[in-house]
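Please open the model in a viewer and keep the sequence panel visible. The tour below proceeds by selection, with a short account of what is found at each stop.

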Amino acid sequence: MALFTPSFSCRIPTSTSPQRHRFLLSHRTFAPRATLAVETPSSSTADHGGAPKLLLEVKDLTAIIAESKQPILKGVNLTVHEGEVHAVMGKNGSGKSTFAKVLVGHPDYEITGGSVTYKGQDLLEMEPEERAVAGLFMSFQSPVEIPGVSNIDFLNMAYNAQRRKLGLPELGPIEFYGYVAPKLEIVNMKVDFLNRNVNEGFSGGEKKRNEILQLAVLGAELAILDEIDSGLDVDALRDVAKAVNGLLTPKNSENGRIVKTGDISIAEILEKEGYKAISGI
Ligand SMILES: Nc1ncnc2c1ncn2[C@@H]1O[C@H](COP(=O)(O)OP(=O)(O)OP(=O)(O)O)[C@@H](O)[C@H]1O
């Protein structure tokens, strides 16, 4: 079973690693493999002859909590090209969710330094809505419930808002149903999920599937999936693994910065020995 839109180009391991992951999936181009690279030093990769196109470049990003002014991100560097999958791994509280939320423009955080370039544009200058229209998608670790709003109405509104911004005609309820129904199969959800209120009474795993349904409906050029593996049972995890169908290389993030970059072998070390093995603490 496929999980995402046919343009997805990623694979993740089918093992059920206990590590929690934030996945950044870029899938404008369909590629049979995923290349992973996370830069610890600030280094930019220019596009040249046949090389994958640069999608996101984060350089020395620092951020604080808006209310308390507490520093959270302390110089994060990350480069993502089209067709790549990145896994950001780190201890609880090291700043992974914050990094994701900062990228989509969450108001709880203030940027204090560094830069983020997305498709050649200054991402930090864009409103959150503009980021979404430009193809940035984030699934939340704890998706919110929206009582009184049915899933299908919510998805239809979000989809039409995106189409309006893109200058495309909106889809009415019947047309939209025709568009969304096949996507339910992709995430192995039943039709009645469309009529239930957004995430209300959903199990943890159902909420995660619903996030992926939103991604399938809205599409994205860069999808940030925050702990997409948590709360999923073995079957659901297998569905996700099958659908994403790519190779994942983790990088390790700690105390607001990326401390180690590498391939899948780092994940194996982490699984056996814990974060101590790579952080030296
Ligand atoms: N809006 C906020 N107000 C207060 N503290 C915050 C806020 N956002 C993040 N923090 C704090 O910043 C730190 C990093 O949080 P974050 O959720 O990014 O960590 P994480 O690496 O995603 O952790 P986990 O693996 O447990 O999900 C934590 O100590 C958290 O309590």
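A residue is counted as buried if 20 or more other C-beta atoms lie within 10 Å of its own. The structure is a predicted model, and that criterion is applied to its coordinates.

**First stop: helix α1**

Select residues 96-104, which form helix α1. Is this helix enclosed or open to its surroundings? Of its 9 residues, 7 are buried, so α1 is largely enclosed by the rest of the structure. The buried positions are K96, S97, F99, A100, K101, V102 and L103. Next, add G105, just after α1; this residue takes a positive phi of about 90°.

**Second stop: the ligand**

Keep α1 displayed and select the ligand. It is surrounded by 12 residues, the closest being N92, G93, K96, S97 and T98. Helix α1 supplies the largest share of this shell, with 3 residues. Coloured by class, the shell shows 7 polar, 3 charged and 2 nonpolar residues. Two of the closest residues, K96 and S97, are also among the buried residues of α1.

**Third stop: the sheet**

Now display strands β3, β2, β5 and β6, which follow one another in that order in an open sheet of 4 strands with antiparallel pairing. Which strands stand at the edges? They are β3 (71-81) and β6 (121-122); each has a single partner strand, so one side of each is left without a neighbour in the sheet.

At the β6 edge, select β5 (residues 109-118) as well: 2 bridges join β5 to β6, and the two strands run antiparallel. To locate a bridge, select T117 together with its partner in β6, D122.

At the other edge, select T79, which lies in strand β3. T79 counts as buried because it has 20 C-beta neighbours inside 10 Å. From T79, draw a distance to N156: their C-alpha atoms are separated by 33 Å, and the two residues are 77 apart along the chain.

**Fourth stop: helices α3 and α6**

Select residues 151-165 (α3) and 204-218 (α6); the axes of these helices come within 10 Å and cross at roughly 35°. The crossing of α3 past α6 is right-handed. To see the contact, show the side chains of N151, L155, A158, Y159 and Q162 on α3, and those of N210, Q214, V217 and L218 on α6. By class, this contact has 5 nonpolar and 4 polar residues, with no charged residues. An α-helix has 3.6 residues a turn, so residues three or four places apart point the same way.

Definitions and conventions: Residues are numbered from 1 along each chain as its sequence is written. This is a predicted model: local features need pLDDT of at least 70, side-chain atom pairs count only at pLDDT 80 or more; totals for chains, interfaces and linings use all residues. Axes are lines fitted to C-alpha atoms, for helices over the stretch in contact, and angles run from 0 to 180 degrees between N-to-C directions. A crossing is left-handed if the near helix is turned anticlockwise from the far one by less than a right angle, and right-handed if clockwise. Two residues are in contact if their C-beta atoms, placed from the backbone, lie within 7 Å. Ala, Val, Leu, Ile, Met, Phe, Trp, Tyr, Cys and Pro count as nonpolar, Asp, Glu, Lys and Arg as charged, and the others, Gly among them, as polar. Two strands pair if DSSP finds at least two bridges between them. A residue is near a molecule or strand if its C-beta atom, placed from the backbone, lies within 6 Å of it. A residue is buried if 20 or more other C-beta atoms lie within 10 Å of its own, exposed if 12 or fewer, and partly exposed in between; C-beta atoms are placed from the backbone.
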